[in-house]
Amino acid sequence: MAKTLQNLLASVPISSVIGNTDIEISSIEFDSRKVTSGSLFVAQKGTQVDGHGFIPKVIEMGAAAILCQDLPNDLAEGIAYVQVADSARAMGQMASNFYDNPSAKLKLVGVTGTNGKTSSVTLLFKLFRQLGHRVGLLSTVQNQIDDDIVPSTHTTPDSVKINELLAEMVRRGCSYCFMEVSSHAVAQERIAGLTFAGGIFTNITHDHLDFHKTFDNYIKAKKGFFDQLPKTAFALVNIDDRRGGVMVQNTAARKETYSLQTVATFKGKLIADSLFGLQMDVDGQEVWFKLIGKFNAYNLLGVYGAAILLGEDTEQVLTALSAVTPPPGRFEQVVSPSEVVGIVDYAHTPDALQNVLETINELREGNQQVITVVGCGGNRDATKRPEMARIACELSNKVILTSDNPRNEDPFAILEQMQAGVSPVDFKKTKTIEDRREAIRYAVSLAQPHDIILVAGKGHETYQEIKGVKHHFDDREELRAAFE
Ligand SMILES: CC(=O)N[C@H]1[C@@H](OP(=O)(O)OP(=O)(O)OC[C@H]2O[C@@H](n3ccc(=O)[nH]c3=O)[C@H](O)[C@@H]2O)O[C@H](CO)[C@@H](O)[C@@H]1O[C@H](C)C(=O)N[C@@H](C)C(=O)N[C@H](CCC(=O)O)C(=O)O
Ligand SMILES: Nc1ncnc2c1ncn2[C@@H]1O[C@H](COP(=O)(O)OP(=O)(O)OP(=O)(O)O)[C@@H](O)[C@H]1O
Ligand SMILES: N[C@H](CCC[C@H](N)C(=O)O)C(=O)O
Ligand SMILES: [Mg+2]
């Protein structure tokens with residue numbers, strides 16, 4: 001189909017059009033800096049600036065058309081203007097049209113929830129490859145098209161990027177794509193216009209209140225994903241989460257559930273959990289998995305359920321899934337020569353930190369001490385800071401509070417907010433060392449053979465972001481170096 005503005009507007013609700021829509025569009029851009037000759041520029045109202053202010057500039061740069069919510073007072077000659085109620089939403093549909101609706105040409109499954117998205121989509125990706133399919137992946141750690149890795153900048157990319165990647169997946173013969181759907185992505189309409197074959201809900205707990213303001217808004221954003229699923233899709237929810245039912249109350253999709261506690265479409269039971277893996281009963285069959293912790297029992301069960309709903313065979317799914325390894329930076333172990341167990345984990349929310357520390361406490365022997373190194377990100381939800389420090393103290397023998405991507409905030413101010421969550425009794429077990437490298441070295445200096453050091457919050461990340469600059473930093477490398 002020719003990429004004319006007219007064609008790109010198929011299924012887009014329009015308020016008004018000025019100018020000729022029978023023109024070729026070379027690209028869709030929402031960032032003025034990327035506009036070239038023939039681009040459609042999408043003006044969006046962001047959290048920092050209003051993209052409408054760049055309209056005169058992009059016309060100078062050669063834009064052929066403008067998609068906007070507010071028409072400018074001065075209209076330029078020879079430019080097409082399309083006014084819509086929500087430019088981000090319209091852009092999603094237009095991006096799908098631009099790339100010939102790739103999401104409808106493969107089976108696209110989205111995973112949403114506060115924790116477990118990366119873990120679940122990575123398990124699905126590895127599982128479906130094991131089952132012999134060509135698969136795509138959109139995740140926090142990386143995007144992947146069959147064998148090729150495409151670096152990831154967001155948990156969920158913008159709608160143009162999503163469609164570009166999906167189109168490439170289709171071109172390369174992928175029949176499935178598993179993607180993370182963040183709450184930001186739903187709220188900012190990054191998934192508008194996509195055709196999903198299924199959606200999975202893992203859980204919802206405290207995070208991102210800086211962006212969504214209230215927990216209710218955050219729930220609504222996640223629920224928004226299920227509200228827009230078509231009736232041909234499945235909506236698979238963790239029914240053990242209090243909000244599992246609410247998520248799917250207004251969905252047109254087929255509702256399915258998974259649980260470790262109650263009656264559900266997919267029922268599991270945790271039999272044993274150790275530092276080497278999990279033993280579970282899944283729909284009446286006993287299976288060993290290579291992942292650790294009860295939270296991963298949930299991820300595995302959701303993944304298993306989705307695979308069955310996508311038409312795979314139970315036996316084959318369980319056999320393949322039992323061999324799958326976790327994504328990088330999720331309970332990743334780095335063991336020292338004296339057998340101090342370092343664990344690098346991406347727990348960056350109170351719930352994740354609690355889960356991972358509870359898991360460690362359940363698995364440790366009586367004489368193993370738990371030393372936790374943790375920080376909280378700058379320019380992110382500040383309410384989780386005291387909570388995470390409190391949880392770290394409650395569940396560890398020693399806690400070192402440190403920095404985790406301070407971004408544009410003062411790292412010491414973040415640390416003070418963390419310290420506010422430490423009770424007077426716990427104060428003597430904490431130490432604050434702003435420099436993360438020093439913090440990790442100090443933790444290692446305290447550890448006796450067989451002790452456990454949890455380094456939480458950065459997982460797979462290979463940088464420390466300070467004032468807009470990403471400095472190379474990798475918790476796993478730091479642990480290895482400190483162990484030497
Ligand atoms: C808070 C947030 O989500 N911000 C995203 C948002 O930026 P924004 O609303 O602040 O944009 P803005 O700077 O105000 O600009 C408004 C508009 O003007 C345009 N502009 C701006 C400047 C210019 O010179 N020319 C121009 O045209 C911008 O492209 C934009 O369209 O839209 C941008 C373009 O799509 C995103 O890159 C940006 O992500 C930032 C980098 C970010 O850090 N986002 C994080 C919080 C995020 O999205 N995280 C989630 C979930 C994390 C998780 O839990 O896994 C994710 O999905 O990654
Ligand atoms: N199902 C789960 N429930 C609770 N905690 C989990 C679950 N799965 C993983 N975790 C914990 O949360 C951390 C992050 O997991 P994961 O990266 O899968 O989540 P995510 O939802 O992709 O996070 P993000 O929002 O940053 O993309 C893990 O390192 C682990 O500590
Ligand atoms: N995707 C999440 C990850 C946070 C990871 C943590 N290391 C931090 O920087 O806060 C976010 O952007 O909020
Ligand atoms: Mg993720």
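**View 1. The annotated binding site in this predicted model.** An unreviewed UniProt entry marks Arg380, Asp404, Asn405, Pro406, Arg407, Gly457 and Glu461 as "binding site". The model shown here is predicted, and the next two views look at two of these positions, Arg380 and Asp404.

**View 2. Arg380 in its loop.** Look for Arg380 in the loop that runs between β19 (370-374) and α13 (384-394). Is this residue buried or partly exposed? Arg380 has 19 C-beta neighbours inside 10 Å, and a residue needs 20 or more to be called buried, so Arg380 counts as partly exposed.

**View 3. Asp404 and the residues it touches.** Asp404 sits in the loop between β20 (398-401) and α14 (411-419). Inside 10 Å, Asp404 has 25 C-beta neighbours, and therefore counts as buried. Leaving aside residues up to four places away in sequence, Asp404 touches Gly375, Cys376, Gly377, Gly457 and Lys458. One of these, Gly457, also carries the "binding site" label in the UniProt record.

**View 4. Stepping back to the whole protein.** Here is the setting for the close-ups. The protein has 16 helices and 24 strands, and its C-alpha atoms fill a box of roughly 75 × 50 × 40 Å along the principal axes. Its radius of gyration is 24 Å, which agrees with the value near 23 Å for a compact globule of 484 residues. Of the 484 residues, 52% are buried. Among contacts between residues at least 6 apart in sequence, 66% join residues at least 24 apart.

Terms used:
Residues numbered from 1 in each chain as written. Chains lettered and ligands numbered in written order. Predicted model: local features only at pLDDT ≥ 70, side-chain atom pairs only at ≥ 80, totals over all residues. Helix = DSSP H or I, 4+ residues; strand = E, 2+ residues; numbered from the N terminus. Rg over C-alpha atoms; globule rule 2.2 N^0.38 Å. Buried ≥ 20, exposed ≤ 12 C-beta atoms within 10 Å, placed from the backbone. Contact = placed C-beta atoms within 7 Å. UniProt positions renumbered as here; feature names shortened; annotations may be inferred.
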